[in-house]
Amino acid sequence: MRFEIKRKDFGGRIGSLELGDWEIETPTIMPVVNPNLETVSIEDIRDVGADILITNSYIIYKNEKLRERVLKEGLHDFLGFDGPIMTDSGAYQLSVYGDVEVTSQEILNFQEEIGSDIGVPLDIPTSPDATRDKAEKDLAETMDRLRSIGEFDDLNVAGPVQGASYGDLRSKAANQVSEIGFDLYCIGGVVPIMESYDFEKLAQVVIPTKKNLPVNKPIHLFGAGHPMIFSFAVALGCDLFDSAAYALFAKRGKYITVRGTWDVGEMEYLPCSCPVCSNAGAEDLVDDKEKLAKHNLYVTFREINTVKESIRRGELFELVSERSRAHPSLLSGLMKALDEENWFEKFAPVSKKNAFFYCGEESLKRPELLRNLKKIDSFNLTGKRLLIVPHDFKINTDSSTQIIKIKPPFVYSEELSNTYPFGQSLIANINKEKRKKFAKRLIKKIIDKFGQNFEEIYSIGNQIELGQIKDLSPDEARKRFSI
Ligand SMILES: [Zn+2]
């Protein structure tokens, strides 16, 4: 397996994953195919845009007839899918039924025998609200199993990271799993977190995990199949998702949108132009689970493409920000994640073609702002006088005058006026006081660092109280310092 990162934005990336003769692009979604019952045909799943599938090897293993058949035909022929297939191990069944009749090594061997491309060991998924004691015990057992895995010739093996909701346990687990070394990594045990819309907790689980996994390996967020959270999860550094949601939700008459899940029986309009919705009304989907599942898949892949295009355009933050308005918990999750601004700053591109949009308070925690603060260290400010001016204030001065511009929250030296994000930023007329407060912090840093290099410092028409710095009206400043 080879993984190459082709493009990055915010915490997300577009990658190319080579699996045998196949090459797929990430982020992507692996539709879950239940070997016992098919809601949407494999051809249709392929048509909607799936390049890779996931199925459950334990369901095949425990059914003798099915097991014989898949062993004989091979997984790809059995499913009729010419593309990579990942197999799960039964850990989910373990979490639901409390017991499975197979060992981790047996189920991995079986996954290789049936020709799976990516196998998953049988780890122990711990419920997010487990006690610390339970989480530690489960994790120790999972780690023992992972350490005793043998070598495989044809099977890529995924390393699952557990640790319930304990960030430090997740960090530790991620470190230990990385030390063993796997082809890709999975973040497990998060389904209940997502089902309860606790996206703050999701950030608290995913970020410490991701921080301690190798940057150049793909990360699979197990059980995250709702398009509403793709942009957020991709921004946290996840590359692969699996969706059983498209079929499970359809079974319950649920119509998936990026803004949430709606009961199709209560809908009058279909806000979608996928091939299903273009040729049907809401009433047609009530009893047609297959059509509903197909729509759910279309909207899922459409969102993956929206995420990818947003990464390519350098607008992933804007997309996450927009999507976070679909549910207050998503916005809380985003704000929580952004507390890790130092971590996001590592991945954010330095320059962008398009503008920085300030559309909400979360923008104050964008990596660009932290970078602005850090960038001050590289300023070279010295001369006779320093003028601190609003970004649109124009004055021609002599070379002994240095100019600092304020466009709250940004503060920058005049030479940077045409660079990203300073000149290239559009700021909504909101959060004025908070933006000014941030700008003041930057100015204070500038004065502390460079103040003694100047004989005089003036603040001109800034409407920001800058303490010791003398205020001067724009007219007075032009009269005194223009040349
Ligand atoms: Zn549709």
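Me: How many helices and strands does the secondary structure of the chain come to?

Reply: The chain has 21 helices and 20 strands. Helices are DSSP runs of H or I with at least four residues, strands are runs of E with at least two, and both are numbered from the N terminus. The model is predicted, so local features need pLDDT of at least 70 and side-chain atom pairs count only at pLDDT 80 or more, while totals for chains, interfaces and linings use all residues. Residues are numbered from 1 along each chain as its sequence is written, and side-chain values use heavy atoms, with hydrogens and water left out.

Me: What makes a residue of the chain count as buried, and what share of the 483 residues does so?

Reply: Buried means under 20% relative accessible area, exposed means over 50%, and partly exposed is in between, with a 1.4 Å probe and protein chains only. By that rule 56% of the 483 residues count as buried. The C-alpha trace spans about 90 × 55 × 45 Å along its principal axes.

Me: Which atoms count as donors of the zinc ion?

Reply: A donor is an N, O or S atom within 2.8 Å of the metal (3.2 Å for Na, K and Ca); water is not among the atoms, so a site may look incomplete. SG of C272, C274 and C277 and ND1 of H295 coordinate the zinc ion at 2.1 to 2.3 Å. Their spacing along the chain is C-x1-C-x2-C-x17-H.

Me: Why is the arrangement around the zinc ion called tetrahedral?

Reply: Four donors count as tetrahedral if all angles lie between 85 and 135 degrees; four count as square planar and six as octahedral if opposite donors are over 155 degrees apart and all others between 65 and 115, and anything else is irregular. Here the 4 donor atoms subtend angles of 96 to 121°, which makes the arrangement tetrahedral. C274 sits in the loop between β13 (260–263) and α13 (275–278) and H295 in helix α15 (residues 289–313), so this pair ties together parts that are 21 residues apart in sequence.

Me: Why do C274 and H295 count as buried or exposed?

Reply: C274 has 3% relative accessibility, so C274 counts as buried. H295 has 1%, so H295 counts as buried too. C277, in helix α13, is buried because its value is 7%.

Me: What do C274 and C277 touch?

Reply: Contact means heavy atoms within 4.5 Å. Not counting residues up to four places away in sequence, C274 touches H295, Y298 and R302. With that exclusion, C277 touches Y255, L270, C272 and H295. In UniProt, an unreviewed entry places the feature "binding site" at C272, C274 and C277; such annotations may be inferred rather than shown by experiment.

Me: How many aromatic pairs are there, and what makes F10 and F344 a stacked one?

Reply: Rings of Phe, Tyr and Trp (its six-membered ring) pair if their centres lie within 6.5 Å; planes under 30 degrees apart count as stacked, over 60 as edge-to-face and the rest as tilted. The count comes to 12 aromatic pairs. F10 and F344 are 4.7 Å apart centre to centre, with 25° between the planes, and this pair is stacked. F10 is in the loop between β1 (2–9) and β2 (12–19) and F344 in helix α18 (residues 341–347), so the pair ties together parts 334 residues apart in sequence. F10, F317, W343, F344 and F347 form one aromatic cluster.

Me: What makes R132 count as a charge over the ring of Y166?

Reply: The rule asks for NZ of Lys or CZ of Arg within 6 Å of the ring centre and within 35 degrees of the ring normal. R132 lies over the face of Y166 at 5.4 Å from the ring centre, and R252 lies over the face of F249 at 5.2 Å.

Me: Why is helix α16 said to be largely enclosed?

Reply: Of the 8 residues of α16 (residues 316–323), 7 are buried, so the helix is largely enclosed by the rest of the structure. They are L316, F317, E318, L319, V320, S321 and R323. These residues pack against β1, β2, α11 (230–235), α15, α17 (328–337) and β14.

Me: Why does V100 count as buried or exposed?

Reply: V100 has a relative accessible area of 11%, so V100 is buried. V100 is in the loop between α5 (91–97) and α6 (104–113). Leaving aside neighbours within four places in sequence, V100 contacts Y58, G90, Q93, L94 and L122.
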